[in-house]
Amino acid sequence: MTIANTRPFGQRYAFVVVGVIFLALLISSGLRSAPSVMMVPLEEAFGWRRDTISFATAIGIFLYGLAGPFAAAFMERFGLRKTILGALALMSASTALSLLMSQPWHLIATWGVMSGVGTGAVATVLGATVTNRWFKTNRGLVMGLMSASSATGLLVFLPFLAMLAQSGGWKPVAIAVSIATAALLPLVFLLVPERPASIGLRRYGAEADEPPVAMATGNFLVNTFSTLGRAARTRVFWYLFLTFFVCGFTTNGLVGTHLIAFCGDMGIPEVQAAGLLALMGVFDLIGTTLSGWLTDRFDPRKLLFVYYGVRGLSLMYLPYSGFSVASLTIFAVLYGLDWIATVPPTLRLSNEAFGDRSGPLVFGWVVAGHQLGAACAAFFGGYMREFQGTYELAFLIAGTTGILAALVSLLIDSKPVEPSPVPA
């Protein structure tokens, strides 16, 4: 049944949709960041090694990225709302089922496989799809706001989840995430139409005579892989994939998963360490929104060069910072401004090279590279901690990859590639 064509605000209803999707991305970010505060409580409750817990987290992060391009194609073929509702239900069920776990494979199945697939559909690629569907202008700014939701997730959830973990162990964390995810289902069902045309509107900033964007047809799996095949024959795709691999390796893979544990090794309590991540979230909310504004006005390649360079240097600084209040605050500000700032320029480069229709799907594959890098860092950080007894070398290596990504960013050529035929 089609949603009734009676919505307030006219074209500005696009911002209502953005608000609901912002909340969905925020909750998804909270779920993905929860293992960082659960690591020590799980270790104490079950006696599992940290690299075992990190492996489950890495599986979740990897599937989070791998699900992205399939989710983008699924949204085009079967519907945006159906995809989001199914993903939210899966996220809520996976965290609720984890309350029954007693073996490491239970952790892998719930917080790894199930939550990874669910959050993968409610991730950056969702923001890209909604931005392209609902906005003709101001895309960089809107995508910056969407990307900032992950930072806001850190800001809102981590200190609260850390307090739950410190006072009651890992189970209250799982319960809180499951309830928050389920609460979003009615909001999405009632307030998110399939596309502007579903409620008699056009994209924000579009002219009245703009032709409607053609809907995808055919087998969505074939479409997903054929788009990858065409993109993979271009150099720009691999540059974007490589730089976003490093983005994932240096953010939620290493810092998002292991920073609280690293601070714990240095004698800093969980709640205080989570507060550090929350401070990063505040500055990333500022930095990513500003990045979206800058992306609408400046060369995105030069922006990426600055972002990755600053990130690499800040990661190299952390192990030698002394972990004082002042030094950690400096790190949180520098790193926070840069946390997800890379998303708006990367999406713009993807859209410029592959067009409005294929751009989000190609971007989904680029995001898969981001999460592959994050998964590698999540496991790598835990392995290095077990092998060396410290995270120092892991953070230095991550900083070096940031410098390399800054240099690669300058090589990206975003000229439109040869148009591809629409799949039959």
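These legends go with three close-up views of a predicted model.

**View 1. Helix H1 meets helix H4.** Here you can follow H1 (residues 13-46) alongside H4 (residues 104-121), their axes coming within 10 Å and crossing at roughly 165 degrees. Because an angle over 145 degrees counts as roughly antiparallel, H1 is roughly antiparallel to H4. The crossing of H1 past H4 is left-handed. On the H1 side, look for the contact residues Ser-28, Leu-31, Arg-32, Ala-34, Pro-35, Met-38 and Leu-42. Their partners on H4 are Leu-107, Trp-111, Ser-115, Gly-116 and Thr-119.

**View 2. Helix H12 packs against helix H15.** The axes of H12 and H15 are 7 Å apart, and the packing angle is about 165 degrees. The two helices, H12 and H15, are therefore roughly antiparallel to each other. H12 passes H15 in a left-handed crossing. H12 brings residues including Phe-305, Tyr-308, Gly-309, Gly-312 and Leu-313 to the contact. From H15 come, among them, Phe-395, Ala-398, Gly-399, Gly-402, Ile-403 and Leu-407.

**View 3. A nonpolar patch on the surface.** This patch covers about 920 Å². Its residues are Phe-305, Val-306, Val-310, Leu-313, Tyr-317, Ile-330, Leu-334, Ile-403, Leu-404, Leu-407 and Leu-410. Helices H12 (300-317), H13 (325-336) and H15 (392-409) each give two or more residues to the patch. The largest share, 5 residues, comes from H12. Leu-404 of the patch lies in H15. If you have just come from the previous view, you will recognise Phe-305, Leu-313, Ile-403 and Leu-407: these patch residues also take part in the contact between H12 and H15.

How values were computed. Residues are numbered from 1 along each chain as its sequence is written. This is a predicted model: local features need pLDDT of at least 70, side-chain atom pairs count only at pLDDT 80 or more; totals for chains, interfaces and linings use all residues. Side-chain values use heavy atoms; hydrogens and water are left out. Patches are made of residues with over 30% relative accessible area and no salt bridge: like charges are joined within 9 Å, nonpolar side chains (Val, Leu, Ile, Met, Phe, Trp, Tyr) within 5 Å. Accessible areas come from the Shrake-Rupley method with a 1.4 Å probe; for residues, only the protein chains shown count as cover. A salt bridge is a side-chain nitrogen of Lys or Arg within 4 Å of a carboxyl oxygen of Asp or Glu. Helices (H or I, at least four residues) and strands (E, at least two) are DSSP runs, numbered from the N terminus. Axes are lines fitted to C-alpha atoms, for helices over the stretch in contact, and angles run from 0 to 180 degrees between N-to-C directions. Angles under 35 degrees count as roughly parallel, over 145 as roughly antiparallel, 65 to 115 as roughly perpendicular and the rest as oblique. A crossing is left-handed if the near helix is turned anticlockwise from the far one by less than a right angle, and right-handed if clockwise. Contact means heavy atoms within 4.5 Å.
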